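Here are my comments on the model you sent, set out as numbered points. They cover strands and sheets, then open and enclosed space, then two loop residues.

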Amino acid sequence: MQLYNTLSAKEREKLIEEAGKDRLTISFYKYAHLGNPKIFRNHLFIHWDELEVLGRIYVAHEGINAQLSVPADNFELFKKHLDSITFLENVRLNIAIEQDNKSFLKLKVKVREKIVADGLNDKTFDVTNKGIHVGAKKFNELIEDPETVLVDMRNHYESEIGHFKNAVTPDVDTFRDSLDIIEKDLAEHKEDKKLVMYCTGGIRCEKASAYYKHKGFKKVYQLEGGIIEYTRQVKNQDLENKFLGKNFVFDHRRGERISEDVIANCHQCGKPCDTHVNCANEACHLLFIQCKECAEAMQECCSLDCKETHSLPYEEQKVLRKGKKASNKIFKKGRSEVLKYKK
Ligand SMILES: [Zn+2]
Ligand SMILES: [Zn+2]
């Protein structure tokens, strides 16, 4: 039996166009204990391939993390299949609001060490022993409680452009670093305070809440479905929105505006701005915040050096960077001395 893609992305694109049918972009995740991820992987591939599901799915001993494109006509069958898998019964599905029939062109189900790269090597704790999930309404109540410590589990460049009122926003570039900092800062309050946490879509809090419970925190809560689901519930249930600014997202949009507040500033001139850009110099690519005027003056670069390099003929630039691209810096926000107004 063929358990891998037989069509190229191009061929698939053509088929999707010819079919002319709507597809839904769906994501979900679940921490669980999988005895044999490889067998589970093959099981998924066989069933989802049949339903013309496409996407990128990570399967590990610790669970599943999936981003999918499902033909709208097959959604009911797809859902039925998910519900037939014990640990995925009634799993919360995030369905993207924007229609995109070509969000994925292949079905890739990969067995990985982890479903999210979290930098944790601690195998002694149970990832399924997580915090109490709360929806937007309960979350709004909890974060007004004086006994609550509200923690943003995202990285600094994410919380800089948007976060909940009164949240602790660790100055970190990685999830691993934030775990340690928060544990240290709240060491005295393991028993008495309510530790309430949130992230973009909820997956980081699944792991973090289990980690903190393992570390001795007694009252651990997490925002179910993260900022994305919170925003949806606030709209649908007509609740007060307590999120300020933009929700950073990891696609080409970089951020989704949630409230009109602009809480960040241009890293070059300091005026209010919350637009992330990547330095136009391909050898740099630093992620930083830049206003329109500075973008124009600096030709979308982060520094005068980069501006100079960027203005060279492309072939000369290539020689300068010796074929290396600095794509790894895309999310290394503002860790640059030349950005005077970085926070
Ligand atoms: Zn500026
Ligand atoms: Zn640069």
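1. Strand 9 (residues 194–198) is largely enclosed by the rest of the structure, because four of its five residues are buried. The model is a predicted one, and the enclosure of strand 9 is a computed result like the other values below.

2. Which strands pair with strand 9 in the parallel sense? Strand 7 (residues 148–152) does so over five bridges, and strand 10 (residues 219–223) over four bridges. On the strand 7 side, valine 151 stands opposite methionine 197 of strand 9. On the strand 10 side, valine 196 stands opposite tyrosine 221.

3. Elsewhere, five strands make up an open sheet with mixed pairing, and their order is 4-1-3-2-5. The edges are taken by strand 4 (94–95) and strand 5 (107–111); each has a single partner strand, so one side of each is left without a neighbour in the sheet.

4. Within that sheet, strand 2 (residues 54–60) and strand 3 (residues 63–71) are antiparallel and are joined by seven bridges. Arginine 56 has glutamine 67 in strand 3 as its bridge partner. Helix 7 (residues 203–214) lies across strand 3 and strand 1 (23–31), and runs at about 5 degrees to strand 1.

5. Another open sheet has three strands in the order 8-11-12, paired antiparallel. Strand 8 (162–164) and strand 12 (255–257) are its edge strands, each pairing on one side only. On average, and with direction ignored, neighbouring strands of this sheet are turned by 40 degrees against each other.

6. In the three-strand sheet, strand 11 (residues 243–248) and strand 12 run antiparallel and share three bridges. The bridge partner of phenylalanine 248 is glycine 255 in strand 12. Helix 8 (residues 226–236) lies across strand 8 and strand 11, at about 130 degrees to strand 11.

7. How many cavities of 30 Å³ or more does the structure hold? There is one. The largest cavity has a volume of about 40 Å³. Its lining consists of Ile143, Glu144, Lys165, Asn166 and Lys242. By class, that lining has three charged residues, one polar and one nonpolar.

8. The second largest pocket encloses about 330 Å³ of space. Its lining comprises 15 residues, and those nearest the centre of the pocket are Glu62, Lys114, Asp122, Lys123 and Val127. The lining of this pocket divides into eight charged, four nonpolar and three polar residues.

9. Two backbone angles deserve a comment. Most residues other than glycine have a negative phi. Asparagine 90, however, has a positive phi, near 60 degrees. Asparagine 90 is placed in the loop between helix 3 (75–83) and strand 4. Its relative accessibility is 60%, over the 50% cut-off, so asparagine 90 counts as exposed.

10. Glutamine 299 also has a positive phi, near 50 degrees. The loop that holds glutamine 299 runs between helix 9 (292–297) and helix 10 (304–311). Is glutamine 299 exposed or partly exposed? With a relative accessible area of 41%, glutamine 299 is partly exposed.

Methods. Residues numbered from 1 in each chain as written. Chains lettered and ligands numbered in written order. Predicted model: local features only at pLDDT ≥ 70, side-chain atom pairs only at ≥ 80, totals over all residues. Heavy atoms only, no water. 1 Å grid on protein atoms, 1.4 Å probe; cavity = no way out; pocket = protein on both sides within 12 Å on 5 of 7 lines; lining within 4 Å. Points joined across faces, edges and corners; volume = space filled by probe spheres on them. Nonpolar A, V, L, I, M, F, W, Y, C, P; charged D, E, K, R; others polar. Pairing = 2+ DSSP bridges. Helix = DSSP H or I, 4+ residues; strand = E, 2+ residues; numbered from the N terminus. Contact = heavy atoms within 4.5 Å. Axes fitted to C-alpha atoms, helices over the stretch in contact; angles between N-to-C directions. Buried < 20%, exposed > 50% of the residue type's maximum accessible area, 1.4 Å probe, protein only.
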